[in-house]
Amino acid sequence: MVKDRKYDVVVIGGGPGGMAAAARVAELEIKRVLLIERDLFLGGILPQCIHSGFGVKIFGKELAGPQYCQLFIDKIKKLNVDIMLGTMVLSIDEEKNIIVSGKINGIEKIQTKSIILSLGCRERTRGQLNIPGTRPSGIFTAGVVQRMVNIEGYLPGKDIVILGSGDIGLIMARRLTLEGCNVKGVYELMPFSTGLIRNIAQCLEDYDIPLFISHTVTKIYGNKRIEAVRISKVDGSLNPIRASGKRISCDTLLLSVGLIPENELSKTCGIKLDSRTNGPIVDENLQTSTEGIFACGNSLYVNDLVDNVTEDGYVAAESALNYLRGWKAKNNFIDIKAGKGIAYVVPQRVSGSSDVLFRIRPGRPARDANIEFSGLGYKKKVKRVNPGELVFIKIKKEQFTKAALPCKGVIGIDIKA
Amino acid sequence: MSEKKITCITCPLGCNLKINIENNKIVSITGNQCKKGIKFAEGEIKDPRRILTTTIKLKAQGRKEAAFNRLPVRSVAPAPKDKILEIIKEVRKIKVSTPVKMGDIIVKNIIGSGVDIIASMSVGN
């Protein structure tokens, strides 16, 4: 049981980001660290991501999601980190007092000097797509089905239609096929898949599951249980072509249509959010608009690879330790503007006095493109960009000092094909 | 001579590989960005293999472990691609009880494929 309610660092969220952050703090210095997790086990989404392909960057080998998770759980248990499971954080106030609600101890107040938010993300649901039709059962988000199948041990149905070609959708197409379901097809609204290329190869092509790009679900049929969907082609402006509609029978519809960073808690303490990432606005140290509160993981921006989440967790941990040492962020930040061909950039603002790792999310696929930093006079050639893969570009601090005058407090980043 | 186009699945880059084949022998491999691509392409022609992951029934002894009804398992090394469905069918018959440790061998040399099935995670203690 956790007795001392005063901490130096409280990490909220026990997924890969939070575990990495808590472990790194405890590894580097003797501090009072607390890790708070809502579920009954650590790992966040990892225990249900039973497929392999994790860990190439961090561990130098290919691991299954639960293995990656277990290595961090084993590590954290050896370190001096307090863990609260089954505990939900309700709010954070200006003095960084955290109110939690847990099954064992009820409602408690925890005091801390700094906070790392690693809150994860949520799946977009039918409600956010406005699919017309009836409201039967049998419509699930892909991650919910992943949990049902891989942790709880239930199958959602037999004849499956998947809308959206995000990675979880592709992986569930394979998983459900292996469990004996009939996956009728994966339908993607955009003219390209939003998942990793290798997942299209190993999850769809290996099992002859068809992928239809520029297609979407335009109607749902069925009263108690879903009976069919109407599939329509879409035109260049993503509008359904009426004449192309056809009815496809199914008993389950999986939605893999995007993830939204979870920041209800961040809002309770007035942290400023970026409307592009839906995550907090951060600087290169991953400090949010509130001093002493840092962000990492999928609540900051939606990552493609868990290895990157771990690395961001390390950055947040080291920044929190710097903060405890009395280091202060500058007030006059240089703003970063995501320009042409770019969905978003993290960090959204930089101090200009240290090296910066830019995480750039391309807005659409392009070949032989240039990534240009206006105001910095920096350009990088890339063979191929794809919305499914973040582009990482490191800029040395000298580059900012050199360009201090011309950039006038704003650096724009564009991808030009 | 025939040309085969495949996607390298070794890492998230997903290189598009072109393999030129003549008399069942690889003449050239292009499109790769590292050595792993060559190895993968050779494997795809001679003996295609995939990592296999699935879950098996888990009987929990303690209340805390009851959060998991299934234990995630995997093949230690890639298994022959054409045997995957057969292996999955066989693995499905197995039940285990907690405690289980990551790396515990669940089945050795499953259906004579030369590949072991191990636990991907520890549950209990």
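Domain bounds, as I'll use them today, come from an automatic or database domain assignment. Hello everyone, and one reminder before we look around: this is a predicted model.

Let's start with chain A. The assignment splits chain A into domain 1, made of residues 1–122 plus 259–329, domain 2, covering 125–257, and domain 3, covering 332–417. I'll spend a moment on how domain 1 and domain 2 of chain A meet. Their centres, taken over C-alpha atoms, are 32 Å apart. At the boundary, 11 residues of domain 1 of chain A are in contact with 12 residues of domain 2 of chain A. Together these two domains bury about 970 Å² between them, and 55% of that is on carbon and sulfur atoms. Which three residues supply the biggest part of what domain 1 of chain A buries there? They are Q48(A), I50(A) and H51(A), with 51% of the area, more than any other three residues.

Now for the polar side of that boundary. The rule finds 1 salt bridge across the interface of domain 1 and domain 2 of chain A. If you'd like to find a salt bridge on your screen, look for D39(A) and R147(A), whose closest N and O atoms are 3.1 Å apart. There are also 5 residue pairs in polar contact between domain 1 and domain 2 of chain A, with both residues at pLDDT 80 or more. On the side of domain 1 of chain A that touches domain 2, the residues divide into 7 nonpolar, 3 polar and 1 charged.

Next, please move along to helix α4 of chain A, residues 142–152. Here 8 of the 11 residues are buried, leaving the helix mostly covered. Those buried residues are A142(A), G143(A), V145(A), Q146(A), M148(A), V149(A), N150(A) and I151(A). What do they pack against? Within chain A, the partners are β9 (121–123), β10 (139–141), α5 (167–178) and β17 (252–255), and β5 and β6 of chain B join them. Just after α4(A) comes G153(A), which takes a positive phi of about 85 degrees.

That brings us to chain B. In total, 31 residues of chain B are in contact with 33 residues of chain A. The two chains bury about 2800 Å² between them, with 56% of it on carbon and sulfur atoms. How many salt bridges are counted between chain B and chain A? The count is 4. One salt bridge to look for joins the side chains of E179(A) and R92(B), at 3.6 Å from N to O. The rule also finds 16 residue pairs in polar contact across the interface of chain B and chain A, both residues being at pLDDT 80 or more. On the chain B side, the elements giving two or more residues are β5 (53–59), β6 (70–75) and α2 (84–91). The residues on that side of chain B divide into 15 nonpolar, 10 polar and 6 charged.

Let me finish with a single residue, H215(A), in strand β14 of chain A, residues 215–221. Is H215(A) buried or exposed? Its relative accessible area is 13%, and buried means under 20%, so H215(A) is buried. A polar atom of the H215(A) side chain lies 2.8 Å from the backbone oxygen of I213(A). Leaving aside neighbours within four places in sequence, H215(A) is in contact with Y187(A), E188(A), L189(A), I231(A), S232(A), K233(A) and V234(A).

Thanks for listening!

Notes: Residues numbered from 1 in each chain as written. Chains lettered and ligands numbered in written order. Predicted model: local features only at pLDDT ≥ 70, side-chain atom pairs only at ≥ 80, totals over all residues. Heavy atoms only, no water. Contact = heavy atoms within 4.5 Å. Buried area = accessible area lost by both parts, 1.4 Å probe. Polar contact = N/O pair within 3.5 Å; in protein donor to acceptor, adjacent residues only side chain to side chain. Nonpolar A, V, L, I, M, F, W, Y, C, P; charged D, E, K, R; others polar. Helix = DSSP H or I, 4+ residues; strand = E, 2+ residues; numbered from the N terminus. Buried < 20%, exposed > 50% of the residue type's maximum accessible area, 1.4 Å probe, protein only.
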